[in-house]
Amino acid sequence: MASTLLSQSGISIVGPSATPITTKNPQTATHFSVSIRHNGRVLGSQITPITVQKRKFSANCTSAADGQSHGETPIELKYPAFPSVLDINQIRDILPHRFPFLLVDRVIEYTPGVSAVAIKNVTINDNFFPGHFPERPIMPGVLMIEAMAQVGGLVMLQPEVGGSRENFFFAGVDKVRFRKPVIAGDTLVMRMNLVKLQKRFGVAKMEGKSYVGGEVVCEGEFLMALGS
C-alpha cells in the first residue's frame, strides 16, 4: 500500500517499485501526479487533488463571560447581602445612641426579649481609626463590647420585657475574651442572647459573641439594668 511522505522540499509519493515524484512548490500545489514505473516502463499514472488541513490557533482568556459559560458564578454574584429585619432608621427608633456612638448598622435576626443578630460595617471612615492606630487600623475592644451591648439593648428595649430608652443601662461585663483583631473592611456580626431576666431586681443577664467571616473575634457575658 502506498504511503505519503511530507518533507521540507516538497511532497513525495512512494509506492511499490515506484519512482518518487516531487512537486516543485508544495505550498501552492492543488494536485499531485503519480507515475508508477517498473524496469523503466510507465505502468500507470494518476492526478489526485491535494487536501490541505489548516490548523486553527486560539488564545484562552479568562473573563466573567467564560466563567458563566462553564457554569461558574462570578465572584460579585456569589455572596448575597445580609437580610434586613431592622434597618438603620428602625434601630434609631429603639436605641437612643447617635453619631458617633451608634455602632449597629443593621439587624439581620430579631426575636424581641429573646435574642438578636446585628452587624457593624467597620470602615476606615470610623472616627476612632485615626488614633487607634494610625499605621494599623484596629477596632478598639471596648467599642466591640459597646456595640454588642447596643445589640443587647435592641433585645431588651421592648414593652413586654419592661425596658425603655429612659431606664435601660449597661451595668457590667464578665468573662470577656478578644480572639482576633477587627480591622477596617471587616463586617462584625454580633449575636446577643438573653440568659436570665430578674424583673424584681431589674437585672438582665445576656451572653454575646461577635464574628468576622464565621470566626469568633470577641465574646463575653453582659449585665443590663432595668431601672432609674
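## Exercises on a predicted model

Lys-175 is placed in strand S8 of this predicted model. The exercises below begin with that residue and proceed to the sheet, the helix packed on it, the core and the salt bridges.

**Exercise 1.** Determine whether Lys-175 is buried or exposed, and state what sign its phi has.

*Solution.* Step 1: the relative accessibility of Lys-175 is 52%, and the threshold for an exposed residue is over 50%; Lys-175 therefore counts as exposed. Step 2: its phi is near 55 degrees, a positive value in a residue other than glycine. Step 3: most residues other than glycine have a negative phi. Step 4: the side chain also takes part in a network of salt bridges that links Lys-175, Lys-205 and Glu-221.

**Exercise 2.** Establish in what order the strands of the open sheet lie, and identify the edge strands.

*Solution.* Step 1: the sheet has 6 strands, ordered S6-S7-S9-S10-S11-S8, with antiparallel pairing. Step 2: strand S6 (106-111) and strand S8 (168-178) each pair on one side only, and are thus the edge strands. Step 3: from one strand to the next, the twist averages 20 degrees. Step 4: at the S8 edge, 8 bridges join S8 to strand S11 (residues 215-226), and Phe-170 stands opposite Met-224 in S11.

**Exercise 3.** Describe how helix H3 lies relative to the sheet, and decide whether its length agrees with the expected span.

*Solution.* Step 1: H3 (residues 141-156) lies across S6, S7, S8, S9, S10 and S11, and runs at about 130 degrees to S8. Step 2: at 1.5 Å a residue, its 16 residues should span 22 Å; the end C-alpha atoms are 23 Å apart, which agrees. Step 3: because 14 of the 16 residues are buried, H3 is largely enclosed by the rest of the structure.

**Exercise 4.** Find which element gives the largest share of the largest nonpolar core, and examine the surroundings of two buried positions, Ile-91 and Ser-210.

*Solution.* Step 1: the core has 39 residues, and those with the most contacts inside it include Ile-91, Leu-154, Leu-188 and Met-224. Step 2: helix H2 (88-94), S6, S7, H3, S9, S10 and S11 each give two or more residues. Step 3: the largest share, 10 residues, comes from H3. Step 4: Ile-91 touches Leu-102, Val-104 and Leu-154, among others. Step 5: Ser-210, in strand S10, is buried at a relative accessible area of 0%; among its contacts are Met-148, Leu-188 and Val-217.

**Exercise 5.** Explain why the salt bridge of Arg-191 with Glu-109 ties together parts that are apart in sequence, and analyse two further pairs that involve S11.

*Solution.* Step 1: the closest N and O atoms of Arg-191 and Glu-109 are 3.1 Å apart. Step 2: Arg-191 lies in S9 and Glu-109 in S6, so the pair ties together parts 82 residues apart in sequence. Step 3: Arg-191 is partly exposed at 29%, as is Glu-109 at 36%. Step 4: Glu-219 and Arg-179 meet at 2.6 Å, N to O; since Glu-219 is in S11 and Arg-179 in the loop between S8 and S9, this pair ties together parts 40 residues apart. Step 5: Glu-219 is buried at 18%, whereas Arg-179 is partly exposed at 49%. Step 6: Lys-180 and Glu-215 meet at 2.0 Å, N to O; Lys-180 lies in the loop between S8 and S9 and Glu-215 in S11, so parts 35 residues apart are tied together.

How values were computed: Residues numbered from 1 in each chain as written. Predicted model: local features only at pLDDT ≥ 70, side-chain atom pairs only at ≥ 80, totals over all residues. Heavy atoms only, no water. Helix = DSSP H or I, 4+ residues; strand = E, 2+ residues; numbered from the N terminus. Buried < 20%, exposed > 50% of the residue type's maximum accessible area, 1.4 Å probe, protein only. Contact = heavy atoms within 4.5 Å. Pairing = 2+ DSSP bridges. Axes fitted to C-alpha atoms, helices over the stretch in contact; angles between N-to-C directions. Core = buried A, V, L, I, M, F, W, Y, C linked by side-chain atoms within 4.5 Å. Expected span 1.5 Å × (residues − 1). Salt bridge = Lys/Arg side-chain N within 4 Å of Asp/Glu carboxyl O. Lists of a residue's contacts leave out its neighbours within four places in sequence.
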